[in-house]
Amino acid sequence: MGDWAASQVNEDRNLSMLRECADGVVYYRFGGLSQANDLAHAALTRIGGVSAPPYATLNLGHTVGDDIGAVEENHRRALSLFGFEVDQTVSPYQVHGARVGLVGRAHRGTVQPSCDALVTDTPGVPLLLRFADCVPILLYDPVRRAIGVAHAGWRGAMANVVGATVRALVERLGCEPDRVWAGIGPAIGPCCYEVEADVVAAVQTACPVDARISRQAAGRTFLDLPGVVRTQLQAAGVSWIEDSNLCTACHVDEFFSHRLERGTTGRFGVLMGLLE
Ligand SMILES: [Zn+2]
């Protein structure tokens, strides 16, 4: 194992999130992963950009109705903090499915059609995905030096995009699940994600029945989407998991929440890139 991986083995794997601010942009990093020195990663917030309400301020979504000039300035601000150019990044056009894109240098500056996860082993190809309640999943094999980022709402959970992304790392890039680190980023939590029973039933078709998936209160059903993702990671052989425990709907001052803001809001970015 690499130095960083070895140093983590006997330590607390639920290190807390680091909240950081640079040039007015607020972002979080996973405490454990922040000690890896060969990659950059961040869960950006909505703080530090130029967009006006209801997209205030660091909206990275091009298709939510915001001014495109503002969205582009937000990208420039966010990416420059990590030493990346906007035209280096690769993003998926997210469709709530389970298709995974394997990308490299030739894909820099592109949007990959119809996929909800990207994997790469190429330094200098940062992956950028966009969120407002769905679960960001970050993956890293420190030995193979490969990364992946996935996007899972309830439809993505039903399609098991998490399992598909781990499988892509293993089968296409030679990673080993038992040395893969996984981070569960800011997402709507079981405190706030009320659903109809049919959504829980649909998700359970792709996930072992688990007490964390839902809870009932006064006739209402709440889905624990990060808990579903954790269960799917474990089923894929990944046990080294850091959970941000940040609920987007509880923290709408810092994150965009599609649910709390009734569908009219921006998207925050989750970024991960191997350094050259
Ligand atoms: Zn909440």
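## The largest pocket

Strand E8 contributes the most to the lining of the largest pocket, at three residues. Strands, by the way, are DSSP runs of at least two residues, helices (H or I) of at least four, numbered from the N terminus. This is a predicted model, where local features need pLDDT of at least 70 and side-chain atom pairs pLDDT 80 or more, while totals for chains, interfaces and linings use all residues. Residues are numbered from 1 along each chain as its sequence is written, and side-chain values use heavy atoms, leaving out hydrogens and water.

In all, 37 residues line the pocket, with Gln94, His96, Arg130, His151 and Arg267 nearest its centre. A pocket here is an open set of points on a 1 Å grid over the protein atoms alone, where a 1.4 Å probe fits, with protein on both sides within 12 Å along at least five of seven lines; lining residues have an atom within 4 Å of a point.

## The zinc site

Four cysteine sulfurs hold the protein side of the zinc ion: Cys191 (SG), Cys192 (SG), Cys247 (SG) and Cys250 (SG), 2.3 Å from it. Donors are N, O and S atoms within 2.8 Å of the metal (3.2 Å for Na, K and Ca). The site is tetrahedral, with angles of 104 to 115° among its four donor atoms; the label asks for all angles between 85 and 135 degrees.

Along the chain, the donors are spaced C-C-x54-C-x2-C. Cysteine 192 sits in the loop between strands E11 (181-184) and E12 (194-195), and cysteine 250 in the loop between E15 (240-243) and E16 (268-274), 58 residues apart.

Note on methods: Four donors count as tetrahedral if all angles lie between 85 and 135 degrees; four count as square planar and six as octahedral if opposite donors are over 155 degrees apart and all others between 65 and 115; anything else is irregular.
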